[in-house]
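Here are my comments on the structure, set out as numbered points. Please read them with the coordinates open beside you.

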Amino acid sequence: MTQKHFANHTRELHLFEQMLLGQVQERILLIEAPSGYGKTGLMGRFQGLCTQKIHPVVIDLKGAEAGIPFVFSRIQRALGKKHFPNFNAKIDRLFNSGVQIQNNRLTGEGSNIQVILDVPPEERKYRLTQLQEVFFEDLERLNRPIAFILDTYNGATEELAGWIESSFLHEVALNKKLFAIVAGQIIPQPTIEWQNLHHHCKLDRIMEREAWYGYVKDVGYCFSSEEINVLIDAARGIPAQVVLLLESVAQTRQQI
């Protein structure tokens, strides 16, 4: 993975490292911030911190139009479908038991699971509970720890967001080999099942001059400390805007 230059957020990175090393009890990390504050870049850094012993599963929830079936399918693809024998056997049994296919035109990721869940609400809830149970049983049999990195929580469907907040993070809390990082402009609200195993980080403006001096040096730009200070103040320390100003001024200088 290509290393992305970064300014600050060392606190969040250090906490994630502690989580992976088992130095803190938290295994669920919530990252909250408005657009432009570096959430997605930070998630990329989290992925880079995962060692060969910890498998990262990255999912951008704003692309999960199919909702929960999409997440099931993405996790299977990332870890290998062969690792989910009970889950896939359960899907086969539901089909073979005469499941009614109400929409046979469903396509895309998780379409087979969509078909099974395309039933009235009460039946859907029952089937989802069955699938979820065997899915996480299969995950528990994996020898390798897994870090779920879920970006853009605010882009998830209402049902998916509710499922992540309740069932998904509850299952993560029950399995000591599972970790979860959820980022978004809004984040899940802790429930009694996992509130003692989570840490909430709210990203802020980066006004620390030294952090931006280091960023400029890493990128290879040529700015004086006075110039950097002016640009930070002009962008009010909002990471995306500071970076945009630095890039714009650097490109303008090259053209002169």
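1. In this predicted model, helix H3 (residues 68–79) packs against helix H7 (residues 158–174) with the two axes 9 Å apart and at an angle of about 60°, which makes H3 oblique to H7. On the H3 side the contact is made by Ile68, Val71, Phe72 and Ile75, and these meet Glu159, Leu160, Trp163 and Phe168 of H7. By character, the residues of this contact divide into seven nonpolar and one charged, with no polar residue among them.

2. Helix H3 also carries glutamine 76, and one may ask whether glutamine 76 is buried or exposed. Its relative accessibility is 8%, and because buried means under 20%, glutamine 76 counts as buried. If neighbours within four places in sequence are left aside, glutamine 76 is in contact with Lys81, Phe84, Phe87, Asn88 and Phe135.

3. Across the whole structure a search finds 12 aromatic pairs. One of them joins phenylalanine 84 and phenylalanine 135, which are stacked, with 4.8 Å from centre to centre and 20° between the planes. Phenylalanine 84 sits in the loop between H3 and helix H4 (85–96), whereas phenylalanine 135 belongs to helix H6 (residues 121–141), so this pair ties together parts that are 51 residues apart in sequence. Both phenylalanine 84 and phenylalanine 135 are buried.

4. The rings of phenylalanine 136 and phenylalanine 168 make an edge-to-face pair, because their planes stand at 70°, with the ring centres 5.9 Å apart. Here the connection runs from helix H6, which holds phenylalanine 136, to helix H7, which holds phenylalanine 168, so parts that are 32 residues apart in sequence are tied together. Phenylalanine 136 and phenylalanine 168 are both buried.

5. Taking the ring pairs further, they link Phe72, Phe84, Phe87, Phe135, Phe136, Phe148, Trp163 and Phe168 into a cluster. Among these residues, Phe72, Trp163 and Phe168 also take part in the contact of H3 with H7, while Phe84, Phe87 and Phe135 are in contact with glutamine 76.

6. Turning to the sheet, five strands form an open arrangement in the order E2-E3-E4-E1-E5, and their pairing is parallel. Strand E2 (55–60) and strand E5 (198–202) stand at the edges with a single partner strand each, so one side of each has no neighbour in the sheet. From one strand to the next the twist averages 15°.

7. At the E2 edge, strand E2 pairs with strand E3 (residues 146–151) in the parallel sense over six bridges. Aspartate 60 has aspartate 151, in E3, as its bridge partner.

Definitions and conventions
Residues are numbered from 1 along each chain as its sequence is written. This is a predicted model: local features need pLDDT of at least 70, side-chain atom pairs count only at pLDDT 80 or more; totals for chains, interfaces and linings use all residues. Side-chain values use heavy atoms; hydrogens and water are left out. Axes are lines fitted to C-alpha atoms, for helices over the stretch in contact, and angles run from 0 to 180 degrees between N-to-C directions. Helices (H or I, at least four residues) and strands (E, at least two) are DSSP runs, numbered from the N terminus. Angles under 35 degrees count as roughly parallel, over 145 as roughly antiparallel, 65 to 115 as roughly perpendicular and the rest as oblique. Contact means heavy atoms within 4.5 Å. Ala, Val, Leu, Ile, Met, Phe, Trp, Tyr, Cys and Pro count as nonpolar, Asp, Glu, Lys and Arg as charged, and the others, Gly among them, as polar. Buried means under 20% relative accessible area, exposed over 50%, partly exposed in between (1.4 Å probe, protein chains only). Rings of Phe, Tyr and Trp (its six-membered ring) pair if their centres lie within 6.5 Å; planes under 30 degrees apart count as stacked, over 60 as edge-to-face and the rest as tilted. Two strands pair if DSSP finds at least two bridges between them.
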